[in-house]
Every structure is written in C-alpha cells, then in structure tokens.
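Please explain how the ligand is held in this structure, and then describe the enclosed empty spaces inside the protein.

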Amino acid sequence: MSLSFDRSAALIADAANTIAGGVNSNFRIGMAGGPLVFARGDGPYLIDADGNRLIDYYCGMGAMILGHTPKGVQQAVKDQVDKGILYAGQSEIEFEAAKILCERIPSAQRIRFGSSGSEVAQAAFRLARAATGKRVILKFEGHYHGWFDNILWSTAPAQNAAGPEDAPVLVPGSVGQDAMDATGLDVVGWNNLERLEARLAKGDVAGVIMEPAMCNQGAIEASAGYLQGALAACRKHGALLIFDEVITGFRLDRSGAQARFGVTPDLSIFAKAMANGFPVAAIVGRADLLDMFVKGGVLHGGTFNAQPVTMAAMLAVQQALTPGGYEAASRRGVRLREGIRGILEDAGVKAQVTGFELMFHVGFGLDAPARNYRDLLKSDKALYVKFCHALLKRGVRALERGAWFVSFEHSDDVIDRTLEAVRGAAKEIA
Ligand SMILES: Cc1ncc(COP(=O)(O)O)c(C=O)c1O
C-alpha cells in the first residue's frame, strides 16, 4: 500500500495564498509528507482530502484521548449550543466542571479556566511572582510551556547554541523575541537535583515550572526522588513548584501525573485531553494562591474563559474517562509500545522506546533511554522523519518528533494494523 496525498498538497498550495503557509500553527507544517488537509474524523481515524483513512497517533497533539468522535461529548455540545453560546457570566455547567476537577486533581483546591495551555501558563507565572515577591521563573531545557515571548526559550536549542550542559544559556525559540523578554527567566537542565538546588539557592526564583514527566519532547519519567526533591528545594528557597500537565494530565492518570507520582505542586496547568479537543485549559492549585485573583490584586481575564459549550464538552469528557476505559486503553497502548520496540529490534533499527501507556516516545539512534534534553539531542531525527513518511504511505499518521498518543478508540485490530505498517516502514528504512 502506498497512499497518495496529492489533493492535500494542492489545497495547501492554494490556501497559502490566503493563510500564511496554508497552516494556522507552525507546528502543523509537518515534515513527513507535508501538511495534510482533513475532511473528518472517525474514532481513531482521520479521513483526509484525498480520501485516505489514516490511523491517527497525533490525536490532536495529545488532546483526543477519547478519539475523534466521542458520541457523548458530541451530544453534550449540541445540547449546550441550543442553550446559547457565550453568556459573559457564570453558568452552572462550569461550577459542575470545576467540582469534578477539584475532586480529581490532588493539588486543585481552586481552579480558574482559560482557553489554551500557553495562556494559563502566563497566569501561573503572574501568581508565582505576586505570591513570592520574587522575579525569576525557572524552566528546564527542552521543556515547552507555550509560544509566548517570556517563556519560549530553550525549548529546542541547537547543541552549538545551548552552552555547556551544566550551565545552559537561554536560547530564543523564534526570531522576533527580544532579550528583554527573558530578563525574568532562567534555565537549567532537567532531572538533576543538584543543579536545581544550586540555582534556587540564589534566592530570586518565584516559580519553577516543569512537566512532571517530560513529554513534549521524549517521554521521560523523572529519576527516583527528583520530583519530591524539587518540591522540597522549592519550599526551602521560597519558590513555588508549578507542574505543566498540559500533556501528562488525563493521559498518565485521570488525576494527573501528580497523582501517579505522588507529588503535589503549588500550582498546575492543564489543557489538551481535559476536554478532548475543545479549547479548555485550567490553572489549579492552592486556595491561598488562586484566591489572589480575588483578594491579592492579581488580574486574570479572558472573554472565552469557561465558555459554556466547551464546559459542556469537558464535563462529558470527564464522565467518559472511566477507570475501566483507562485500563483497557492502557493494555492496548502497552501492546503497541512493546510491539514497536520488538519490530524495530528485529529489523536492526537502533531505537529507544520509552514512556507510558497512552503516550510514549520512539527515539532512533539512542544507545540508552534519554534522561533529559541533551540526551534527546543525540537521536537520529532525519531517519525518524523518513520512518514517519514510510508509515504515512501505509496509512498511519505518527508525529515526526517521536511521540505516540493512544486513544480509548485504538482497538486491538487498529493496533494490529499499525504494527503491520510499522513492520513495513522499519524494513523500508533499515
Ligand atoms: C507541555 C505543554 N505545555 C504547554 C503547551 C501549550 O499549550 P497550548 O498549545 O494549548 O497553548 C503545550 C502545547 O503543546 C505543551 O505540550
């Protein structure tokens, strides 16, 4: 089987006359086979403009944990649309949604909703600075917390620009960012407690933001004791610990990676899978911190915050995220992960397959599992892009950065057909 994507290519070329590049996010430009145009989704599949029915492991960049067409969610949205679209006031549906999340997420004493992960990250930084009176947000190399100017630094720096591993320098993620944007930011390597403690000891850090498992790049579990140690170090030096659970939330555990790993941060942000593709994000955390939005003079706004249609979607998603659903999907996710590992091994393709049940990572050319961004830099990205292209021609859409997102809808049959495509693609590139 070798699919063609000619109509997508022609549509994109034409769209580029109106939309810059024919895409509305740079992350959609794609590498393996160019950006695609989709007509519709169906469970684990996306049907593209050429009529190809692709098994989808992008899953909306991690958002579509229930697949592309969850009936209960679709119905809840239709019902809510009939009741109106935006009230610029409160609705009982957002209260109900907030209650469920506060029950589920260990750190969520209070919550505020927003529309994107990038945006609620900004709310976390503002709260951290307001609560501590300190200035610096400390981030980790290779971690991504949105595309805004003050945080899009050292997300994917080239080796020759990143400085020494034990003293990385801040590298902008985009042309057009100003050095001034990073005056309240610093970067250290992730998964190394000594370096984190040394930086915190300077005493100027308001908040430390990290993915509790590194998933935007790689799929890396923190070393034993690292998350606990980071929390203790933040306490000792008067900084807040902020978990970015935009990917890990509802994927590593229904209650977040913080529940899975037993570490409760001061603040956390969620988005993506929380509402299965509807634009809902949340900042959650300690009551005294979130209440600063009301009593502490800290502003948080947004026309679309807790938009009722998205709240209805989120509520329906939360109801559909059952323990049984996780259990079954996790079993299939592990079968896929281990199947890919075995096929690559048999084909003589050097790779590390690491991560979790519903999200894992395939890194070509690595001798050992990556522990941080510097390790990931050693992977053979060009060969992996070829592999993705070979998969796409066989009807499987996998992210070129190595991430695989599995939904509740990826059935055993879909996994079997994926593994068949992996076998063919591995043979092609070996
Ligand atoms: C870990 C992480 N944080 C934050 C964001 C930003 O979220 P959004 O794209 O909704 O602004 C992303 C997006 O991919 C992410 O992966």
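In this predicted model, a side-chain N or O atom of asparagine 216 sits 2.8 Å from an oxygen atom of the ligand. Serine 118 also faces a ligand oxygen, with a polar side-chain atom at 2.6 Å. Aspartate 244 meets a nitrogen atom of the ligand instead, and its polar side-chain atom is 2.6 Å away. On its own the ligand has 390 Å² of accessible area, and the protein covers 83% of that.

These three residues belong to a wider shell around the ligand. The shell also includes Ser116 and Gly117, the run Tyr144, His145 and Gly146, and Glu211. Val246, Ile247 and Lys272 are further members. By class, the shell has 3 nonpolar, 6 polar and 3 charged residues.

Next come the enclosed spaces. Rolling a probe the size of a water molecule over the atoms reveals where empty space remains. The structure contains 2 cavities of 30 Å³ or more.

The largest cavity holds about 40 Å³ of space. Its lining consists of Glu141, Glu165, Gly189, Trp190, Asn372, Tyr373 and Arg374. Of these lining residues, 3 are charged, 2 are polar and 2 are nonpolar.

The second largest cavity has a volume of about 30 Å³. Gly218, Ala219 and Ile220 contribute to its lining, along with Gln352, Thr354, His361, Leu366, Ala370 and Leu376. What classes of residue make up the lining of the second largest cavity? There are 5 nonpolar and 4 polar residues, and no charged ones.

Technical notes. Residues numbered from 1 in each chain as written. Predicted model: local features only at pLDDT ≥ 70, side-chain atom pairs only at ≥ 80, totals over all residues. Heavy atoms only, no water. 1 Å grid on protein atoms, 1.4 Å probe; cavity = no way out; pocket = protein on both sides within 12 Å on 5 of 7 lines; lining within 4 Å. Points joined across faces, edges and corners; volume = space filled by probe spheres on them. Nonpolar A, V, L, I, M, F, W, Y, C, P; charged D, E, K, R; others polar. Near = heavy atom within 4 Å. Polar contact = N/O pair within 3.5 Å; in protein donor to acceptor, adjacent residues only side chain to side chain. Areas by Shrake-Rupley, 256 points an atom, 1.4 Å probe, with all protein chains shown as cover.
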